[in-house]
Amino acid sequence: SHFCFCFFLLLLCTCNTASETSGSPASADTAITNRIHVFYYTWYGEPKTDGKWMHWNHTLLKPNGANAGPTPYHPPEHVASAFYPVLGAYSSSDPVFIQKHFEWIAQMGVGVVAVSWWGRQGGDGQMEDTDPGFTDRALTVLFQEAEKTDVKIAIHLEPYPGRTPSTVVEDLRHLWGKYGTSP
């Protein structure tokens, strides 16, 4: 299925596996096609860039599926992910990491990155109270790095708190005004 193939490509681009320790995908450059999409989350933060860990220590995603209790994750060593990122726990706002991700994505032939976006001031329950607009700021970095490749960006508008038909119209105007001429 396309979903499984795209998910595999995303994992290959960003995560360390037993057979890969060099920090880059093992394949040669592949022609980019818009028929292959991957999903990309822009909610990761780390203290050097963002002042704190965000989502690497997710309070809701527990290994056993339970949502109660304190987070068992303690980044940078232990993160809320089934796979540890090759480059380590990074910030979605750090251009050095995002540039490398987009290089890998392009090398794999992926033509479109569907980006999770929580609105201009929204968040997912872990960000809106402490860092509103984080994914909006991170989106700017993604567009800057995408412009250096032939990879295009599609935005997935998440169900942020307070989202209404009117705020969606405002969001679309904001996105078009800021990124309408970008890939």
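**Exercise 1. How many of the 8 residues of strand 2 are buried?**

Start with the ground rules. This is a predicted model, with residues numbered from 1 along each chain as its sequence is written. Local features need pLDDT of at least 70, side-chain atom pairs count only at pLDDT 80 or more, totals for chains, interfaces and linings use all residues, and side-chain values use heavy atoms, without hydrogens and water.

Step 1. Fix the terms. Helices (H or I, at least four residues) and strands (E, at least two) are DSSP runs, numbered from the N terminus. Buried means under 20% relative accessible area, exposed over 50%, partly exposed in between (1.4 Å probe, protein chains only).

Step 2. Count. In strand 2, 8 of the 8 residues are buried, so the strand is largely enclosed by the rest of the structure.

**Exercise 2. Find the strands that pair with strand 2.**

Step 1. Pairing requires that DSSP finds at least two bridges between two strands.

Step 2. Strand 1 (residues 33-41) runs parallel to strand 2, joined by 6 bridges. Here Val38 stands opposite Val113.

Step 3. Strand 3 also pairs with strand 2 in the parallel sense, over 6 bridges. Val113 stands opposite Ile153 there.

**Exercise 3. Describe the surroundings of Ser116.**

Step 1. Place Ser116: it lies in strand 2. Its relative accessibility is 1%, so Ser116 counts as buried.

Step 2. List contacts (heavy atoms within 4.5 Å). Beyond four places in sequence, Ser116 touches Phe39, Tyr40, Tyr41, Thr42, Thr135, His156 and Glu158.

Step 3. Check for polar contacts. These are pairs of N or O atoms within 3.5 Å; within protein, one must be able to donate a hydrogen and the other to accept it, and residues adjacent in sequence count only if both atoms are side-chain atoms. The side chains of Ser116 and Trp118 form one at 3.5 Å.

**Exercise 4. Work out which residues of helix 5 face inward.**

Step 1. Thr167, Asp171, Leu175 and Tyr179 are buried. Viewed down the axis of helix 5, the buried residues fall within an arc of 75° (from the directions of axis to C-beta atoms), so they line one face.

Step 2. Name the cover. It includes strand 2 (110-117), helix 4 (134-146) and strand 3 (152-157).

Step 3. Turn to the face away from the buried side. It carries the exposed residues Pro165, Leu172, Arg173, Trp176 and Gly177.

**Exercise 5. Identify the polar partner of Ser182.**

Step 1. Ser182 is in the segment after helix 5. At 18% relative accessibility, Ser182 counts as buried.

Step 2. The side chains of Ser182 and Glu147 make a polar contact of 2.8 Å.
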